[in-house]
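Hi everyone, thanks for coming. I'd like to walk you through one structure today, so have a look at it first and then we'll talk.

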Amino acid sequence: MSEPTSESGRIDEAALGSTIVSLTFDDGTADQYVVRAMLAQNSLNATFYVNSNKIGTSSFLTWEELLDLAADGNEVGGHTADHVDLTKLSTADATRQVCEGRQALISRGFSATSFAYPYGARTSKVESIVRRAGYQSARRAWGLCPAGSTASNCDDVV
């Protein structure tokens, strides 16, 4: 398949559609705070997926640092309370991990509308729990999606 071109023979970027690049950081480790300045200098934003029970503990971002990141236009999303593989938990424990993690973020003023599956692990049961918890989108922990990919092999909306 050839790329759409204009009369001048140049690639018609408008016909190609837009490209979306997401910058994401998982786990909320303290060393991620250094990217704040880099993001701001380049007029970029990212999503920081954090584990609510680790915030403010040794080697993790503090609530104040997360508020700074959010004030810059970055998103703070959920990644469970304790960074556990939800597929290995009972429904009740998985629900608690997802819901407690989201509620902790909401109680601190974050919208917490997106979620990252710890270890990229998910099942239809886990996806349902994430959806019922109120998250509007969720993503795996790795990979790029080539053009034309489907939700079954790429990040998807819950």
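So, a warm-up: is D72 buried, partly exposed or exposed? Keep in mind that this is a predicted model. D72 has a relative accessibility of 32%, and since partly exposed covers the range between 20% and 50%, D72 counts as partly exposed.

D72 also has a partner. Its side chain meets that of R36 in a salt bridge, 2.5 Å from N to O. These two sit 36 residues apart, with D72 in the loop between helix 3 and strand 3, and R36 in helix 2. R36 is partly exposed too, at 26%. Add D68, and you have R36, D68 and D72 linked in a network of salt bridges.

The structure holds five salt bridges. Another one joins R139 and D26, at 2.3 Å, N to O. That pair ties strand 5 to strand 1, 113 residues apart along the chain. Here, both R139 and D26 are buried.

Okay, on to helix 4, residues 91–107. It has 17 residues and reaches 24 Å from first C-alpha to last. Its buried residues are A94, Q97, V98, G101, R102 and L105. They cover an arc of only 110 degrees around the axis, so they're on the same side of helix 4. They pack against strand 2, helix 3, strand 3, strand 4 and helix 5. Turned away from that buried side, you'll find the exposed residues A92 and S107.

Last stop, the surface: V21, L23 and L44 form a nonpolar patch there, with about 260 Å² of accessible area together. L44 comes from the loop between helix 2 and strand 2.

Definitions and conventions
Residues numbered from 1 in each chain as written. Predicted model: local features only at pLDDT ≥ 70, side-chain atom pairs only at ≥ 80, totals over all residues. Heavy atoms only, no water. Helix = DSSP H or I, 4+ residues; strand = E, 2+ residues; numbered from the N terminus. Expected span 1.5 Å × (residues − 1). Buried < 20%, exposed > 50% of the residue type's maximum accessible area, 1.4 Å probe, protein only. Arc of directions from axis to C-beta. Contact = heavy atoms within 4.5 Å. Patch = residues over 30% accessible without salt bridge, like charges linked within 9 Å, V, L, I, M, F, W, Y side chains within 5 Å. Areas by Shrake-Rupley, 256 points an atom, 1.4 Å probe, with all protein chains shown as cover. Salt bridge = Lys/Arg side-chain N within 4 Å of Asp/Glu carboxyl O.
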